[in-house]
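Work through the following exercises with the sequence and the model side by side. Each task is followed by a solution that proceeds step by step.

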Amino acid sequence: MAEARAFHTETATDEEIAAEAAVVGPFTDAVRALVDATIRSTVDLDEIRAAQAEIEAITERLTKEQIPGGYGVRYRTDGTGRAWGNAVIGLRNPIAPPLTISTEPSGRASADFRLGAPYEGPPGLVHGGVISLILDQVLGHAAGAGGRPGMTGTLTIRYRQATPLGELRAEAWIDRAEGIKTWAKGRIIGPDGPTAEAEGLFILPRWARERIARGESKGPSPKYFE
Ligand SMILES: CCCCCCCC/C=C\CCCCCCCC(=O)SCCNC(=O)CCNC(=O)[C@H](O)C(C)(C)COP(=O)(O)OP(=O)(O)OC[C@H]1O[C@@H](n2cnc3c(N)ncnc32)[C@H](O)[C@@H]1OP(=O)(O)O
């Protein structure tokens, strides 16, 4: 199954991972700055054309060697994972804001983060789909931190007030659990209080249940997303 195939086991040491992160983290930040500049730059059109040629040359340089498909999630034997391609938290993903999510084993997750021009929907405000993206991840993280990771089955969002671009906070917690199902709740908080509230149902998927039943996995680790 595609989902199952994207979960790799890796043997890289802490030192190797830290050394790679020290290079690719700032590299990805540089590409994020490029995305922002693409939206906001007011240089003249000749300058944009010249910049495009340089960007295309860089892309050609980078794509000389690359993996097929997405990054996947790379797991170590201690249960920690590397979701560096993830659209919300991915260290190697310039589309990700990125969020650095703190978790508690009781099943809580929170992050302070900033959303700039690339996340705009209504003028000056965060796109509703981006709010849903972030809440999906943070609620999923809370479930994972509580040792109950799952795929999102449902996600309901109430947009209480507009969310301005800028500094924001997200919080989530496990509300209740039953068998393979975990219900999490959460919210995004802006300068004038909560802007969006969410409830999600996270389900440990069949392929994960089967792996556990076959003894191929000890089961979900609370360090699932770290
Ligand atoms: C070895 C350990 C590894 C652990 C692995 C954990 C996996 C977590 C992975 C990565 C998380 C990373 C990121 C987290 C944050 C972001 C999360 C996302 O963005 S997730 C992407 C968006 N969501 C989807 O794409 C889901 C697509 N849907 C599915 O994959 C399946 O439909 C799934 C897993 C939701 C359920 O499939 P079934 O085959 O496991 O479920 P059945 O056996 O049919 O049903 C089990 C029970 O769940 C109910 N159910 C199934 N789907 C439901 C739904 N959508 N809503 C409500 N209930 C549902 C059923 O009625 C049944 O309930 P009854 O036991 O009868 O009480």
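**Exercise 1: the sheet**

In this predicted model, an open sheet of 6 strands follows the order E4-E5-E7-E8-E9-E6, and its pairing is antiparallel. Determine which strands stand at the edges, and how the neighbouring strands are turned against each other on average.

*Solution.* Begin with the order E4-E5-E7-E8-E9-E6 and look at its two ends. Strand E4 (102-104) and E6 stand at the edges, and since each has a single partner strand, one side of each is left without a neighbour in the sheet. Next, compare the directions of neighbouring strands: on average they are turned by 20° against each other, with direction ignored.

**Exercise 2: two hairpins in succession**

Trace the chain from E7 through E8 to E9, and establish how many bridges join E7 to E8 and how many join E8 to E9.

*Solution.* Step one concerns strand E7 (residues 166-178) and strand E8 (residues 181-190), which pair in the antiparallel sense over 9 bridges; within this pairing, Ala170 stands opposite Ile188 in E8. The two strands form a hairpin with 2 residues between them, and Gly179 in the turn has a positive phi of about 60°.

Step two moves on to E8 and E9, which run antiparallel and are joined by 10 bridges. Here Lys181 stands opposite Ile203 in E9, while the bridge partner of Ile189 is Pro194. A hairpin through 2 residues again connects the strands, this time E8 to E9.

**Exercise 3: the helices**

Find the strands that H4 lies across, and then decide where H2 bends.

*Solution.* For the first part, follow H4 over the sheet: H4 lies across E4, strand E5 (108-115), E6, E7, E8 and E9, and runs at about 130° to E8. For the second part, take helix H2 (residues 14-40), whose 27 residues reach 38 Å from the first C-alpha to the last, close to the 39 Å expected at 1.5 Å a residue. Following the axis along H2 then reveals a bend of about 25° at Ala21.

**Exercise 4: the ligand shell**

Identify the residues that come nearest to the ligand, and say which elements each supply at least two residues of the shell.

*Solution.* Of the 20 residues around the ligand, those that come nearest are Gly140, Gly153, Pro205, Arg206 and Ser217. Turning to the elements, helix H4 (128-145), strand E6 (151-159), strand E9 (193-203) and helix H5 (206-213) each supply at least two residues of the shell. Finally, sorting the shell residues by character gives 9 nonpolar, 8 polar and 3 charged.

Definitions and conventions. Residues are numbered from 1 along each chain as its sequence is written. This is a predicted model: local features need pLDDT of at least 70, side-chain atom pairs count only at pLDDT 80 or more; totals for chains, interfaces and linings use all residues. A residue is near a molecule or strand if its C-beta atom, placed from the backbone, lies within 6 Å of it. Helices (H or I, at least four residues) and strands (E, at least two) are DSSP runs, numbered from the N terminus. Ala, Val, Leu, Ile, Met, Phe, Trp, Tyr, Cys and Pro count as nonpolar, Asp, Glu, Lys and Arg as charged, and the others, Gly among them, as polar. Two strands pair if DSSP finds at least two bridges between them. Axes are lines fitted to C-alpha atoms, for helices over the stretch in contact, and angles run from 0 to 180 degrees between N-to-C directions. Two residues are in contact if their C-beta atoms, placed from the backbone, lie within 7 Å. The expected span of a helix is 1.5 Å times one less than its number of residues. The bend at a residue is the angle between axes fitted to the seven residues ending there and the seven starting there.
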